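Some labels in a structural description rest on a number and a cut-off. The turns below take several such labels and ask what stands behind each of them.

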Amino acid sequence: MKYINESIEGYKGKKIPYTLYGKSENSQDLVILLPGAGYTVNSPVFHYSTGVFFNKYKDILEVNYPYNDGFYNNFTRNELYEAVKSDSKLVIDKVLNTNSYMNFYIVGKSIGTIAMSSELKRNCFRDAKTIWLTPILDLDEVFTSMVDSKNKGLCFIGDKDRFYTEERFNEITTNKNIISKLIPGVNHSLDYDEDITNSIDVLKGIVADIEKF
């Protein structure tokens, strides 16, 4: 069993915690979790999909962004986006410099898809499998990264998500490397408003798709 819980000095000196864990001490597979600002690695989709990877003896790296902290209250949108890219890179660098991995999976949610778009430019991630959860489609760098992606991937988004745009989603579906799934009526949390039972069914479907992938 491997378990490391540490932090690095991130953007503007803010501590960014991360956790690295797995069933094996010598796994060659790393799953990188880049969550949303409020949708943490403890939220439903991450919790259950992480279980899928963990049971397949893959190491899990959780980048635990603290972006709800008051430290970020005066950040502009662009400055926060720079922070998420910088913080993610620093954590990933630390882990890659102290471990040897051959295969990579990157799972990004919301603001985490900004870091994901940036990280996929690295040569070491050219064959990484990708899972895009509610990507920020109105941001050109995320949209372009998905449209041009050579990485095999899955994408999940609801048509009630504030970052969903029909035109951009339709263009992403033309990229045959990514299986794109639009879930009618689902919001940015991948839930139905005030419909818990059907929201659980959505969760089950997403986790099942991730396991098949």
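Q: Which residues does F54 touch, if those up to four places away in sequence are not counted?
A: In this predicted model, F54 touches M1, Y21, G22, K23 and I60. One of these partners, K23, is 31 residues from F54 in sequence, yet the two C-alpha atoms are 6.9 Å apart in space.

Q: Why is F54 called buried?
A: F54, which has its place in helix 1, has a relative accessibility of 18%. Buried means under 20%, and F54 therefore counts as buried.

Q: What makes the order of elements in the chain, and how many helices and strands are there?
A: The chain has 6 helices and 8 strands. Read from the N terminus, the elements run β-β-β-α-β-α-β-α-β-α-β-α-β-α.

Q: Why does the radius of gyration of the chain agree with that of a compact globule?
A: For 213 residues the globule rule gives a radius near 17 Å, and the chain has 16 Å, so the two agree. Along the principal axes, the C-alpha atoms fill a box of roughly 40 × 40 × 35 Å.

Q: What share of the residues is buried, and what share of the contacts joins residues 24 or more positions apart?
A: Of the 213 residues in the chain, 53% are buried. Among contacts with a separation of 6 or more, 69% are between residues 24 or more positions apart. The accessible surface of the chain comes to about 10300 Å², and carbon and sulfur atoms account for 47% of that area.

Q: How many positive and negative side chains does the chain have, and how far apart do the centres of the two sets lie?
A: There are 25 positive and 29 negative side chains, and the centres of these two sets lie 5 Å apart.

Q: What makes helix 3 mostly covered?
A: Helix 3 spans residues 112-119, and 7 of its 8 residues are buried. The buried ones are G112, T113, I114, A115, M116, S117 and E119. The cover over these residues includes strand 3 (29-34), helix 2 (77-98), strand 5 (103-109), strand 6 (129-133) and helix 4 (140-148).

Q: How do you know that G112, in helix 3, is buried?
A: The relative accessible area of G112 is 0%, and since buried means under 20%, G112 is placed in that class. Leaving aside neighbours within four places in sequence, G112 is in contact with L34, P35 and Y65. Between G112 and S88, which are 24 residues apart in sequence, the C-alpha to C-alpha distance is 8.7 Å.

Q: How many aromatic pairs are there, and why is the pair of F71 and Y72 called edge-to-face?
A: The count comes to 12 aromatic pairs. The ring centres of F71 and Y72 are 5.0 Å apart and their planes stand at 80°; rings pair if their centres lie within 6.5 Å, and planes over 60 degrees apart count as edge-to-face, so this pair is edge-to-face.

Q: What makes the pair of F71 and F75 tilted?
A: F71 and F75 have their centres 5.8 Å apart, with 55° between the planes. Planes under 30 degrees apart would count as stacked and those over 60 as edge-to-face, with the rest counted as tilted, so the pair of F71 and F75 is tilted. Ring pairs also link F71, Y72 and F75 with Y11, Y65 and Y67 into a cluster.

Q: Which of F71, Y72 and F75 are buried and which are partly exposed?
A: Y72, at 6% relative accessibility, counts as buried, and F75 is buried with a relative accessible area of 16%. F71 has 33% and counts as partly exposed, because that class lies between under 20% and over 50%.

Q: What is the sign of phi at Y57 and at E194?
A: Most residues other than glycine have a negative phi. Phi of Y57 is near 65° and phi of E194 is near 60°, and each is a positive value in a residue other than glycine.

Q: Where do Y57 and E194 lie, and why is E194 called exposed?
A: Y57 has its place in the loop between helix 1 (44-55) and strand 4 (59-63), and E194 is found in the loop between strand 8 (178-183) and helix 6 (196-212). The relative accessible area of E194 is 87%, and exposed means over 50%, so E194 is exposed. Y57, with 47%, is partly exposed.

Notes:
Residues numbered from 1 in each chain as written. Predicted model: local features only at pLDDT ≥ 70, side-chain atom pairs only at ≥ 80, totals over all residues. Heavy atoms only, no water. Helix = DSSP H or I, 4+ residues; strand = E, 2+ residues; numbered from the N terminus. Rg over C-alpha atoms; globule rule 2.2 N^0.38 Å. Buried < 20%, exposed > 50% of the residue type's maximum accessible area, 1.4 Å probe, protein only. Contact = heavy atoms within 4.5 Å. Areas by Shrake-Rupley, 256 points an atom, 1.4 Å probe, with all protein chains shown as cover. Lys, Arg positive; Asp, Glu negative; His and termini not counted. Charge placed at Lys NZ, Arg CZ, Asp CG, Glu CD. Phe/Tyr/Trp six-rings, centres within 6.5 Å; stacked < 30°, edge-to-face > 60°.
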